[in-house]
Every structure is written in structure tokens, then in C-alpha cells.
There are 4 protein chains.
Amino acid sequence: MNDQEYPHTLEFSVRDYECDLQGVVNNANYQHYLEHARHVFLESQGISFSQLHEEGLDLIVARIEIDYKYPLRSHDKFFIKTTLLRQGNVRLVFVQDIFRIPDEKLVLKARVTGAAVRNGKPVFPAELLKKLGLE
Amino acid sequence: MNDQEYPHTLEFSVRDYECDLQGVVNNANYQHYLEHARHVFLESQGISFSQLHEEGLDLIVARIEIDYKYPLRSHDKFFIKTTLLRQGNVRLVFVQDIFRIPDEKLVLKARVTGAAVRNGKPVFPAELLKKLGLE
Amino acid sequence: MNDQEYPHTLEFSVRDYECDLQGVVNNANYQHYLEHARHVFLESQGISFSQLHEEGLDLIVARIEIDYKYPLRSHDKFFIKTTLLRQGNVRLVFVQDIFRIPDEKLVLKARVTGAAVRNGKPVFPAELLKKLGLE
Amino acid sequence: MNDQEYPHTLEFSVRDYECDLQGVVNNANYQHYLEHARHVFLESQGISFSQLHEEGLDLIVARIEIDYKYPLRSHDKFFIKTTLLRQGNVRLVFVQDIFRIPDEKLVLKARVTGAAVRNGKPVFPAELLKKLGLE
């Protein structure tokens, strides 16, 4: 894993509505956090998820793996570290870890495999890979 | 209120992820329930919210008033009763009440004012009003 | 409205998952934003929503009125201005407005009536009112 | 995979608010669907997720793997098939697949590893395993 090449960090605060009746952030909401961190990362590279959609190119998630290590609760702050790797010709892999602030306790580890599709068909996202330095 | 003219009832079950750390359904989620009931009601009248959007016509909410009377909890079932009224030339008012099953305890009362817009401009939704019998 | 007494402002960014198939923030998600702004405001006054719940006191929303003026979209930033008023003996009214950044276009106006309950019964939240300077 | 031993099927309809600006169900919302199907499955075996929480025992997700095969859209109906396996002494694995109705097109395949914790510590959920016939 070339962890150094595309480091990106985004800070969040837990919002109470994201917690469920167990008093912890609901599992699905972490996926929302991870998506937001990926989109902000892509924007920082000049790539807009919503604009791509309007142009007919959709970035989609093909596979997600999440290991939940420690739950976040009301009032917690945390950051997401995102790294991007290329996998074969058409797949991108986002490696994303969440750490609680300030003790940097590991909250979860995720591996999100994405692909680009146009009209439902996988495409080779040449321009995206160029912007991402992954040619 | 002509409660009899467009009666529509839709049944739901609370899903645990809709409950927050107070152990009750989070306030915002009722608005999701109400939206879903309106869309199913419109579909029952031959009107598809998502298809209208693809055709450039968006139904939007201009105002919402909700009186929360009694909270729903995990395992609760409930139904939403939806009635539609016309207000002036361009506005539609959905009157929506939620009742718990089976005791029909009143959960909330809502009044949702909608409008039709095309490219961000209010339009007179003649065809919709016709389908809804509200000409 | 004594707008000056408890001014509180919180800044947000729209997250793409909060937008629906109309390409704008889904109506219910504004209620999530408003709730988060209220909780952060209360925290700034030394009041923790989740801790109160653990102590058996729940702050609940009894009524919400929202006038939607202009939709937020992907990439938008915005801020919520929150003011708190007392209404009678047991009710608190949060007046909350959302403005887009940087043009300060009005996005919505909300009026949220809250109450305090213990074991489902309305209570006079003397200590809270004291902390809020609303005795 | 002993697919036959604990078969459970639950039917859903896509709700428009679950779709994002790409016009398809947002990835995180499938995790909500899967959670709801697991909870309904557990209830069908006499196990209440929320009641267990009140008794101090929390069922948590330790790992989730989802392969997204085909997106769901507005108006789609679908069903989730849930099977439960035991893994070692303290882990349960839910194998969950989503199929679109009526063509049974595969939407996603998920594998959700759960554990039981009491006060944050893993415990052997003897009584649960007995109810589930997994002793």
C-alpha cells in the first residue's frame, strides 16, 4: 500500500441524529462519513462527483469492506484518512481509516473498491486517473 | 378540510435505525415517512415524482408544519393518512396524520404545502391538478 | 423576537449523500441540520442533550414549522443562526434560519417548539432555563 | 454455506428519499436495509435487538463485506434473503443477498459478522445461540 502518495485527512464531529438506540453511531452512517471523505478528497484533486454525474459519468462503489473496531458516540470528534490505489485497468481502491480525536483510537478500517460507469457500462476513466496521478 | 375526497392510507413499521439515542424515532425521520406516503399517494393517482423530475417538473415542499403528539419506538407499527387540498392557483396542501397501530393513538399531525416548479420557477401544474381531480 | 440575546451560528457543508434524486438536499435533512445546530448551541450553554437523556430528562420537539425558500445543492456551504426564546412555563422556541455561503441567500426559516419531559410527562426545566438565562 | 437452515426473506420498496443525486439508492442505505432485515429475522426467532440493549447486551457488527452488483432505483421493489451461520465461539455471520422484484436480478451480496458485547466486552451469547438453534 503506497500510503504516502495520496494522503487526505478530513475532520468530523458526531451529530446526535447519527446515533441509534444503542447510543452509538449507527453502522450505516460510517458509510456516509466515508463517502463524504472520498468526495472531498476527489474535489481536492479537481474531481466533482456531482458534476461527473451531470456529464453522464458515474463513480460507483463495487465493493466495500469495513472492520468496525470501536464505536463513536455523541460528542466524539474524529478524522478519516483516505488513500487511493489503482487496481487493474478500471478499478480504484480507497483505503480509509477512522480515528477518534484526540486519542487517535482506531474506530474502523475500510477498503472501498470503485469503478466508473457510463450508461451502466464500465469505462476506463482515463482523464480521472490522470488527474489522480494514477496513470 | 374535505377529508373524504382523497383519502389515502399507508402502513409502515418502525425500523431500528430510525430511532435515535433517546430510543424513539428521530424527528426528521417522520418527515421521511410523510414524504414516502405522499409519493405513494401520488403514484396511486398516476403521478410519479421521479419521472416528473426527469421531465423537468419538480414538486417541492414550500412549507411544513408538524405537531408531534406521541413518539414511535422500536417494534411500533403505524399508518399515515394523507388528504390533498388545493390552495390558490399553484399550491397543494397535503394534510397528513400518523396513528400508531393497533390502538390508533395519534402520533403527529402534519400540513405540507407543495408547489410545482420548472427550472426553479413556480408553474401552474394543470395536468397534475387534472389527474388529482383538483381542477 | 429578541434576536440579539442568544445568537448562535454554526457552519456546515452539504454532503452529497444528503441530496436526493432532484439533485437538492432532501427536505428532511434540513431538520437534521437544525437539530444538530440546536444541540451544538445547547452544548455551548453547558447543556448536553445526550447526557440529559442518560439522566432521565429528554428535550423533545413538540412542533416544527419550516418555510423552505431556496434549495441547497452539492458543494454548497451554509450557516444556521439559532436564537432561543421562552414560551410560557414549559416551552422553549428555537428560531432558526439557514443562509447559503457566501451570498447569504435565505435557504429556510424554521420555528421549533421544544419541551422537557421526564418519563413522558412535561416538566418545568428550571435548571435548564437558568443555564440558558431564560428564568 | 448451509443456506437452507435459517432462511428468512423480507420484502421492501425503495423510498425516493433513499435515492441520491445519481438517481439510485445511496450505498449506505443498503446497509440500513440489511440491518432491518437482520432485526426482523432475529425477532422472528424471539430475539429483540432493542430489548437486548435495554438488558445490557448489545449485538454489534464487527465486519461487513458488500458486493454491489446492480443498483436499485425509485419504484423498485426487492427482497432480502438472510441466512445465519456460527463462526467460532462468539461470532455470528449473516449472509444476506438482495434481489430485485420481480425479475430476481441480483442487487448485492453481503456478509455481516456480528458479535455480542456486554459493557463493551465480548461475551458468549449462550441463550441467543440456543434460540437461534446454533448451539
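1. Read from the N terminus, the elements of chain A follow the order β-α-α-β-β-β-β-β-α, which amounts to three helices and six strands in this predicted model. The radius of gyration of chain A is 15 Å, close to the 14 Å that the globule rule gives for 135 residues, so chain A is as compact as a globular protein of that length. Taken along the principal axes, the box filled by the C-alpha atoms of chain A is roughly 45 × 30 × 25 Å.

2. The strand pairing within a chain can be followed in chain C, where β1(C), residues 8–13, is joined to β3(C), residues 77–87, by six bridges, the two strands running antiparallel. Within β3(C), the residue that stands opposite Leu10(C) is Ile80(C). On β3(C) there is also an antiparallel pairing with β4(C), residues 91–101, and this one is made through 11 bridges. Phe78(C) has Arg100(C) in β4(C) as its bridge partner. The connection between β3(C) and β4(C) is a hairpin with three residues between the strands, and in its turn Gly88(C) has a positive phi of about 65°.

3. Turning to the relation between chains A and D, chain D is superposed on chain A by a rotation of 180° with 0.0 Å of shift along its axis, at an RMSD of 0.0 Å. The two copies are thus related as by a two-fold rotation axis. Which C-alpha of chain D is nearest the axis? That of Glu65(D) is, at 2.2 Å from the axis.

4. The contact between these two chains draws 18 residues from chain D and 18 residues from chain A. On the side of chain D that touches chain A, at least two residues are supplied by each of α1, α2 (49–54) and β2 (57–68) of chain D, and the largest share, nine residues, comes from β2(D). Sorted by class, this side of chain D has seven nonpolar, six polar and five charged residues. Of the interface residues of chain D, 100% are also interface residues in chain A, so the copies meet through the same surface.

5. Strand pairing extends across this contact, since β2 of chain A, residues 57–68, and β2(D) run antiparallel and are joined by five bridges. Within that pairing, Asp67(A) stands opposite Arg63(D) in β2(D). I would read this alongside the composition given above, in which β2(D) supplies nine residues, the largest share of the side of chain D that touches chain A.

6. The helices also take part. How do the axes of α1 of chain A and α1 of chain D, each covering residues 27–44, cross? They come within 8 Å of one another and cross at roughly 175°. That crossing makes α1(A) roughly antiparallel to α1(D), because angles over 145 degrees are counted in that way. On the α1(A) side the residues that meet α1(D) are Asn27(A), Ala28(A), Gln31(A), His32(A) and Glu35(A), and their counterparts in α1(D) are Asn27(D), Ala28(D), Gln31(D), His32(D) and Glu35(D). The residues of this helix contact comprise two nonpolar, six polar and two charged.

7. For chains B and C, a rotation of 180° with 0.0 Å of shift along its axis superposes chain C on chain B, with an RMSD of 0.0 Å. In chain C, the C-alpha of Glu65(C) is the nearest to this axis and lies 2.2 Å from it. The contact takes 18 residues from chain C and 18 residues from chain B. Each of α1 (27–44), α2 (49–54) and β2 (57–68) of chain C gives at least two residues to the side of chain C that touches chain B, with β2(C) giving the largest share, nine residues. That side of chain C is made up of seven nonpolar, six polar and five charged residues.

8. The strand contact of this second pair is formed by β2 of chain B, residues 57–68, and β2(C), which run antiparallel and are joined by five bridges. Asp67(B) stands opposite Arg63(C) in β2(C). As for the surfaces involved, 100% of the interface residues of chain C are also interface residues in chain B, so the copies meet through the same surface.

Technical notes
Residues numbered from 1 in each chain as written. Chains lettered and ligands numbered in written order. Predicted model: local features only at pLDDT ≥ 70, side-chain atom pairs only at ≥ 80, totals over all residues. Least-squares fit on C-alpha atoms with pLDDT ≥ 70 in both. Contact = placed C-beta atoms within 7 Å. Axes fitted to C-alpha atoms, helices over the stretch in contact; angles between N-to-C directions. Helix = DSSP H or I, 4+ residues; strand = E, 2+ residues; numbered from the N terminus. Parallel < 35°, antiparallel > 145°, perpendicular 65-115°, else oblique. Nonpolar A, V, L, I, M, F, W, Y, C, P; charged D, E, K, R; others polar. Pairing = 2+ DSSP bridges. Rg over C-alpha atoms; globule rule 2.2 N^0.38 Å.
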